[in-house]
Amino acid sequence: MSVAFSENGRAEFERLLTRYPDKEAVILPTLYLAQREFGHVSDEAIVYVAGLLGVSPAQIEGVATFYTMYNRKPVGKYHVQICRNISCSLLGAEHLIEHVAGKLGVKPGGTTPDGKFTLSLAECLGSCGTAPVMQVNDDYYENLTEASIDAILDKLP
Amino acid sequence: METILTTHFADDGYRRIDTYRGFGGYDALRKALSMTPEGIIDEVKKANLRGRGGAGFPAGVKWGFLPKDLSRLRVLVVNADEGEPGTFKDRLIMSHGPHLMIEGIAIASFALRAHFSYVYIRGEFVREARIVDEAVAEAYAAGFLGKNILGSGFDLDLTVHRGAGAYICGEETSLINSLEGKRGWPRLKPPFPAAVGAFGLPTIVNNVETLADVPWIITHGGEKFASIGVEKNGGTRLIGVSGAVNRPGVYELPAGINLKEIIYNHAGGIKDGKELKAVIPGGSSTPVLRADEIDVSYDIESMAKIGTMAGSGGVIVIPEGTCMVRALSVLMNFYAHESCGQCTPCREGTGWLKKIVGRIEAGKGRAGDVELVLDLCDNMLGRTICPLADAAVMPAQSFIWKFREEFDRHIDEQKCPYGNRF
């Protein structure tokens, strides 16, 4: 199966090329684009991005696997990432993680059978003053309690 | 108390260029363009502006490291990869006052004769990256970025670049590799970035807060900035207080304010009426302090005297009843996860620290484990390309030195005396 950017994605890619002195530097933003266009960074996506940038698939794979934000496997419609670092832990993140895992019926790293939620643990989201914190897709949710998490997750379509 | 950065952060719309200009925004850039690059660098030196990213190197001195040869392009890279647990201040600047940072970048670039600048924002900060993107577009439209800025003949292109989830990319050479599209592996130094940096060009890497201070320094003069802090530490600092306090958040306070005052007066004291047990004073990698050690000036020199660091300004407050072995275990998980794997002492060492501290906490510690942790620390400290190994060692050593009895109790009793929970 082959993949290709949509017209919009292609235009954005062309714009990216004008912002950097060489094609290699466009790897990270192009991988984001691929993730947005294809849902996750599949093997096909890696080959496609390598072709666009004129570098080897191995080089793209090496970059994609170094960073935590590129999903090499499909994730649910909502990627729920709960911070478990020190400031969040001090304010109850461990209990929240257990709560969400129980609510969704998945362990961290798992996806619900309906494909709606993937639960992950994050090693510091950089929002320690409003701990505990979670990120759902691009959005942060702060000062969490069990009740507020329930309300947030239940409201997602 | 005089503030430099946050004065208008509560004002509606301050992130928009019109409101920012209404408060005198970009006047400092206009003034800077009438000065010489050397004159700007002198003001920053006079200001005693120390880098706000953690290492605290004097910014003006760093700027002076660029080679004198003007035939080569130069690059200013902005480190907005805020990832040190406990630190969340640059996020505040980017979301509430992005133009402060952009104006600082424009002034610094002119001083450095850099025509290209990249803001490297941690990938998770999607919202902040959008806000900065919009602000950059506004600044281009208003003629503060781009070609022939304010008719001065100076050109500057600014690009926002998102990281993709790697704490190590906060280290400047790793950040440069990541910007170039590589794995974020730190580089051996020398050559230093000022000689060979991003895309092989002379490069200065500065933290967001450091650059956001620059417009004020140009407007009011370096001496005025220096007078706000203490000797060798000019200006204010954005101090993020998190953990068990009544009012967590970011406070802009003069460099050299007392740490106890930060926690009790500004952050409202310890949550739930508890006693203070310990403080990690400058982000998760800085050596922990006991409650009786915090009556100290929060400046780089004073903190060094008591064996710790003000670091990136992240004060983490730990209340009574917290298991310090568990707290350390959380930190060791982090460093093991974030080690880039390039240097053996760090890759293996952080993994072992995580494993041994974890088993002590789980009640499976063995006699000699504490000594083993300390021995591992000795074999990691200063033996790697970048300071990530040191960043794991400093909490490990200091937690043991200051709370040794808790580690011993875990091993003697073969359980966590605190019930394995926070």
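**Exercise 1. Describe the pattern that chain A follows along its sequence, and then its helices, strands, extent and burial.**

Read along the sequence, chain A follows the pattern α-α-α-α-β-α-α-β-β-β-α, where helices (H or I, at least four residues) and strands (E, at least two) are DSSP runs numbered from the N terminus. The model is predicted, so local features need pLDDT of at least 70 and side-chain atom pairs count only at pLDDT 80 or more, while totals for chains, interfaces and linings use all residues. Residues are numbered from 1 along each chain as its sequence is written, chains are lettered from A and ligands numbered from 1 in the order in which they are written, and side-chain values use heavy atoms, with hydrogens and water left out.

The secondary structure of chain A comes to seven helices and four strands, and its C-alpha trace spans about 50 × 35 × 25 Å along the principal axes. Of the 157 residues of chain A, 54% count as buried, meaning under 20% relative accessible area, with exposed over 50% and partly exposed in between (1.4 Å probe, protein chains only).

**Exercise 2. Work out how α15(B) and α16(B) are arranged, and which kinds of residue make their contact.**

Begin with the geometry: helix α15 (residues 344–361) and helix α16 (residues 369–380) of chain B pack at an angle of about 165°, with their axes 10 Å apart. Axes here are lines fitted to C-alpha atoms, for helices over the stretch in contact, and angles run from 0 to 180 degrees between N-to-C directions. That angle makes α15(B) roughly antiparallel to α16(B), given that angles under 35 degrees count as roughly parallel, over 145 as roughly antiparallel, 65 to 115 as roughly perpendicular and the rest as oblique.

Next comes the contact (heavy atoms within 4.5 Å), to which α15(B) contributes residues including Trp352(B) and Ile356(B), and α16(B) residues including Leu372(B) and Leu376(B). The residues of this contact divide into 12 nonpolar, three polar and two charged, with Ala, Val, Leu, Ile, Met, Phe, Trp, Tyr, Cys and Pro counted as nonpolar, Asp, Glu, Lys and Arg as charged, and the others, Gly among them, as polar.

**Exercise 3. Carry out the same steps for α3(B) and α6(B).**

Helix α3 (residues 37–46) and helix α6 (residues 98–112) of chain B pack at an angle of about 120°, their axes being 7 Å apart, and they are therefore oblique to each other. Pro37(B), Ile40(B) and Ile41(B) of α3(B) meet Ile107(B), Phe110(B) and Ala111(B) of α6(B), and these residues divide into six nonpolar, no polar and no charged.

**Exercise 4. Find which residues have the most contacts inside the largest nonpolar core, and which helix gives the most to it.**

A nonpolar core is a set of buried Ala, Val, Leu, Ile, Met, Phe, Trp, Tyr and Cys residues joined through side-chain atoms within 4.5 Å. The largest has 91 residues, and those with the most contacts inside it are Ile60(A), Tyr67(A), Met332(B) and Phe399(B). Helix α17 (residues 388–413) of chain B gives the most to this core, with 11 residues. Beyond its neighbours within four places in sequence, Tyr67(A) is in contact with residues including Leu28(A), Tyr120(B) and Cys169(B).

**Exercise 5. Decide whether Phe88(B) is buried or exposed, and locate its surroundings.**

Phe88(B) lies in the loop between β1 (75–80) and α5 (90–96) of chain B. At 7% relative accessibility, Phe88(B) counts as buried. Leaving aside neighbours within four places in sequence, its contacts include Gly126(A), Cys128(A), Val241(B) and Val250(B).
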